[in-house]
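Here is a short tour for anyone meeting this protein for the first time. Have a look at the model below, then read on.

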Amino acid sequence: MKPLLSLADLVAKPPPLPTDVVERAKRHLLDTLGAALAGAATPATGLAGPGPAPVWGTGLTVAPREAALLNGVAAHALELDDTGGCDHSGAVVVPAALACLSLADRPVSGAELLEAVVLGYDVARRTLEACGGYAAHNQAGWHSTGTCGTFGAAAASARLLGLDSARAAHALGLAASFSGGLWAFVHDGAASKRLHAGRAAEGGLTAALLAASGTSGPGRIFDDVWGGFLRTYAGADADPGALTRDLGMAWRISRCSIKPYASCRSTHSAIDAIGGLDLHAGEITRINVRLSPLVAGMCGGRDVTTLSLAQLSLPYGIAARILYGDADLAAYAPERRSDPRAAELMNLIDLEVDPEMGGIDEPALTVTTTSGAVRRARVTDPLGSPTNPLSDERLLAKFHGLAPGRERLVDQVMTLDTHPDARDLLSRL
């Protein structure tokens, strides 16, 4: 069976989800909502007209497609949303799913919503893996959240709309026409990065709605043909087998990370590594960071004049952890980014690009102290990764720090699989 049809069958007729996958989906849903509520202040709300779908945390309601866009932008706005999916699957899949929920004319159980979210994460990540994986696709200049996330948003929306296999295939085929996003923002901290999440959410929902109305999508979108997604976006790096490998058995949401820090995921290992050495600023003479060409290109900048640039700066992340004991959102406040001590520390950091390191290999730190001692550290499983997950206490602390006073929302999300109608979530947002 063609990969597109296999994915469509999964969306239309998914197998029962394992309990641990459902629990993981609740954690990622809660984390995405917290990130979005904190990032809800955005001038993009001026783009929207009236409708039934909430723009989370604002009191506004807009048309569902506009809600998917705006909530996707908000979820990714502060660089606190999850990673390791398409890459930022939560900021794409969750806004699309909840916008779709606002269209439902029947009760949609919490279990159904979680199922749709899991399917969205799965299809989005599989699409990225079929492009050769994160390093190959992003190093080529594509921002995978925008290019691959659209398919995940379409999958989640198609499931909630109750599309059969044929129409789910059309939805996924149409999603390719809404795919896009480039890493050009890395050079000046432009806002386009956060727009990619919102546009992918909007595009995936639009694709599913078009398919539901009878619009056809290309049936050979994942085939090796001229104009096919993989030939166009991945070329020689394409691995089409990844679309269906262990399909319905190994759920890709289990590979995703929840961020403890308000910065690009590629800075987190270095932040953990320097934190583990427990050094004060006055003890440090030099910090050498050996890192891959991809990580250096994404996160080697030292300009912290804007929040977006600072969140992509590995040197600033290290300096923040030393000075402030954390790299949470408070560490990226304007007064802390402009702290002269941070600039002094960043001047002590040398970045050594190692062409032998793989694209997303974690950096290795060597620190020379004022006493002449040399300390080395490298963290291969940073906090928040699937192999070193946030504790429930830390997850809830992160959420309450971003969205205080929303205990009822927490309770509802963490018991969502028992709720008969997930549409109640919308009023809490």
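## Salt bridges, counted

A salt bridge here is a side-chain nitrogen of Lys or Arg within 4 Å of a carboxyl oxygen of Asp or Glu. By that rule, the count for this structure comes to 25 salt bridges. Keep in mind that what you are looking at is a predicted model.

Some of these bridges join up. Asp-122, Arg-125, Arg-126, Glu-129, Asp-246, Arg-252 and Arg-255 are linked in a network of salt bridges.

## The overall build

So what is the chain made of? Its secondary structure comes to 20 helices and six strands. Taken along the principal axes, the C-alpha atoms fill a box of roughly 70 × 50 × 40 Å.

How does the radius of gyration fit with a compact globule? For 429 residues, such a globule would come out near 22 Å, and the protein chain has 21 Å, which agrees. Of the 429 residues, 58% count as buried. Then there are the contacts: taking those with a separation of 6 or more, residues 24 or more positions apart account for 76% of them.

## Three bridges up close

Start with Glu-79 and Lys-259, which form a salt bridge with their closest N and O atoms 3.0 Å apart. The pair links distant parts of the chain, 180 residues apart. Glu-79 sits in the loop between helix H3 (64–77) and helix H4 (90–101), while Lys-259 belongs to the loop between helix H11 (229–233) and helix H12 (268–277). Are these two buried or exposed? Buried means under 20% relative accessible area. Glu-79 has a relative accessibility of 5%, so it counts as buried, and Lys-259, at 1%, counts as buried too.

Next come Glu-129 and Arg-255, whose side chains meet in a salt bridge (2.9 Å, N to O). Because Glu-129 lies in helix H5 (residues 110–130) and Arg-255 in the loop between H11 and H12, this pair ties together parts that are 126 residues apart in sequence. Glu-129 is buried, with a relative accessible area of 12%, whereas Arg-255 is partly exposed at 41%. Both residues also belong to the network of salt bridges described above.

The third example is Asp-421 with Arg-423, where the closest N and O atoms are 2.8 Å apart. Here Asp-421 is buried, with a relative accessible area of 14%, and Arg-423 is partly exposed, with 25%.

## Two pockets

Now for the open spaces. The largest pocket has a volume of about 570 Å³. It is lined by 27 residues, and the closest to its centre are Gly-84, Ser-257, Arg-265, Ile-360 and Glu-362. Sorted by class, the lining has eight nonpolar, nine polar and ten charged residues.

The second largest pocket holds about 200 Å³ of space. Thirteen is the number of its lining residues, and those closest to its centre are Leu-80, Pro-260, Asp-328, Leu-329 and Lys-398. What classes make up this lining? There are eight nonpolar residues, five charged ones and no polar ones.

## One cavity

Rolling a probe the size of a water molecule over the atoms shows where empty space is left. In this structure there is one cavity of 30 Å³ or more, and about 100 Å³ of space lies in the largest cavity.

Which residues line it? They are His-76, Ala-77, Glu-79, Phe-185, Gly-189, Ala-190, Ala-191, Lys-193, Arg-194, Ser-308, Gln-311 and Leu-312. By class, this lining divides into five nonpolar, four polar and three charged residues. H3, helix H10 (192–212) and helix H14 (307–311) each supply at least two residues of the lining. Glu-79 is a name you have already met, as the partner of Lys-259 in a salt bridge.

## A closer look at Arg-394

Finally, find Arg-394, which lies in helix H18 (residues 392–402). At 33% relative accessibility, Arg-394 counts as partly exposed.

What does Arg-394 touch, leaving aside its neighbours within four places in sequence? It is in contact with Pro-260, Tyr-261, Asp-326 and Leu-383. Pro-260 also appears among the residues closest to the centre of the second largest pocket. For a sense of scale, the C-alpha atoms of Arg-394 and Ser-165 are separated by 40 Å, and the two residues are 229 residues apart along the chain.

How values were computed:
Residues are numbered from 1 along each chain as its sequence is written. This is a predicted model: local features need pLDDT of at least 70, side-chain atom pairs count only at pLDDT 80 or more; totals for chains, interfaces and linings use all residues. Side-chain values use heavy atoms; hydrogens and water are left out. On a 1 Å grid over the protein atoms alone, a cavity is a set of points where a 1.4 Å probe fits but cannot get out, and a pocket is an open set with protein on both sides within 12 Å along at least five of seven lines; lining residues have an atom within 4 Å of a point. Grid points are joined across faces, edges and corners, and a volume is the space filled by probe spheres set on the points. Ala, Val, Leu, Ile, Met, Phe, Trp, Tyr, Cys and Pro count as nonpolar, Asp, Glu, Lys and Arg as charged, and the others, Gly among them, as polar. Helices (H or I, at least four residues) and strands (E, at least two) are DSSP runs, numbered from the N terminus. Buried means under 20% relative accessible area, exposed over 50%, partly exposed in between (1.4 Å probe, protein chains only). The radius of gyration is taken over C-alpha atoms; the globule rule is 2.2 Å times the number of residues to the power 0.38. Contact means heavy atoms within 4.5 Å.
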